[in-house]
Amino acid sequence: MGGVSIPALSIWILVTTLVLLAVCIVVVKKTRIGMAMRALSRDMETVMLMGVDKDRVISFTFALGSALAAAGGILWCMKYPAVEPFMGVIPGLKAFVAAVLGGIGNITGAALGGLILGLAEVLIVAFEPDWSGYRDAIAFFLMIIILLTRPTGIMGERLPD
């Protein structure tokens, strides 16, 4: 493809990420435990009155999130082969920004937020190379803008009070 090449590892990471995203969406939207997760996030007392074991749902949610975080860490270490104690701080903060940008509680929105965040960082640095030192600050600038203009995020929905 001309002078452009994409490393095979980058393609594997993208494919793995898309598969894990699809699995997460299916689990949350198409399974009974996913329905319980969504219901529990809205109204814990009502869900408990319906006989749902909230501890089991919370444990499953924690396990699923931990498994996805572990997969993300493995993919990160495959791309950047170095391990240090604080290597997850910036990716974790950017994941939070992506979730806020897309809409907290919306898996598709969080993925879209991550895509927008990544594109914004790359495009701003591509068009203004002098700003490359501010690459990480772009995420927080976007988060401030989205919180000021659309606090529920791009795909977030307003919850009742």
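I took a salt bridge to be a side-chain nitrogen of Lys or Arg within 4 Å of a carboxyl oxygen of Asp or Glu. With that rule I turned to the model, which is predicted.

**Entry 1. Salt bridges**

I obtained a count of four salt bridges by this rule. One of them joins the side chains of Glu121 and Lys94, at 3.0 Å from N to O. Glu121 belongs to helix α6 and Lys94 to helix α5 (residues 89-102), so this pair ties together parts that are 27 residues apart in sequence.

I then looked at Asp136, whose side chain meets that of Lys94 in a salt bridge of 2.7 Å, N to O. Since Asp136 lies in helix α7 (residues 135-149) and Lys94 in helix α5, the parts tied together here are 42 residues apart in sequence.

I also noted a salt bridge between the side chains of Arg135 and Glu121, at 3.7 Å from N to O. Arg135 is in helix α7 and Glu121 in helix α6, so the parts tied together are 14 residues apart in sequence.

Which residues are linked in a network of salt bridges? I recorded Lys94, Glu121, Arg135 and Asp136.

I next asked of these four residues: buried or partly exposed? Glu121 has 7% relative accessibility and counts as buried. Lys94 is buried as well, at 17%, because buried means under 20% relative accessible area. Asp136 is partly exposed at 33%, and Arg135 is partly exposed at 35%.

**Entry 2. The whole chain**

I found seven helices and zero strands in the protein. The C-alpha trace spans about 60 × 35 × 35 Å along its principal axes. Of the 161 residues, 22% count as buried. I noted an exposed area of about 11400 Å², with carbon and sulfur atoms supplying 71% of it. Among contacts between residues at least 6 apart in sequence, 52% join residues at least 24 apart.

**Entry 3. Helix α4**

I compared the length of helix α4 (residues 54-79) with expectation. At 1.5 Å a residue, its 26 residues should span 38 Å; the end C-alpha atoms are 37 Å apart, which agrees. Within α4, I listed Val57, Leu64, Ala71 and Leu75 as buried. What covers the buried residues of this helix? The cover includes α1 (8-30) and α2 (32-42).

**Entry 4. Aromatic rings**

I counted one aromatic pair. The rings of Trp76 and Tyr80 have centres 4.7 Å apart and planes at 50 degrees, so I entered the pair as tilted. Trp76 is partly exposed, with a relative accessible area of 36%; Tyr80 is also partly exposed, at 44% relative accessibility.

**Entry 5. Thr108 and a surface patch**

I located Thr108 in helix α6, and its 34% relative accessibility makes it partly exposed. Leaving aside neighbours within four places in sequence, I found Thr108 in contact with Ile25 and Met155. Where does Leu21 stand relative to Thr108? The two are 87 residues apart in sequence, and their C-alpha atoms are 8.5 Å apart in space.

Met155 appeared again in a nonpolar surface patch of about 700 Å². The patch is made by Leu112, Leu115, Ile116, Leu119, Leu123, Phe127, Ile154 and Met155. I checked Ile116 in particular: this residue has its place in helix α6 (residues 107-127) and is partly exposed at 32% relative accessibility.

Definitions and conventions: Residues are numbered from 1 along each chain as its sequence is written. This is a predicted model: local features need pLDDT of at least 70, side-chain atom pairs count only at pLDDT 80 or more; totals for chains, interfaces and linings use all residues. Side-chain values use heavy atoms; hydrogens and water are left out. Helices (H or I, at least four residues) and strands (E, at least two) are DSSP runs, numbered from the N terminus. The expected span of a helix is 1.5 Å times one less than its number of residues. Buried means under 20% relative accessible area, exposed over 50%, partly exposed in between (1.4 Å probe, protein chains only). Contact means heavy atoms within 4.5 Å. Rings of Phe, Tyr and Trp (its six-membered ring) pair if their centres lie within 6.5 Å; planes under 30 degrees apart count as stacked, over 60 as edge-to-face and the rest as tilted. Patches are made of residues with over 30% relative accessible area and no salt bridge: like charges are joined within 9 Å, nonpolar side chains (Val, Leu, Ile, Met, Phe, Trp, Tyr) within 5 Å. Accessible areas come from the Shrake-Rupley method with a 1.4 Å probe; for residues, only the protein chains shown count as cover.
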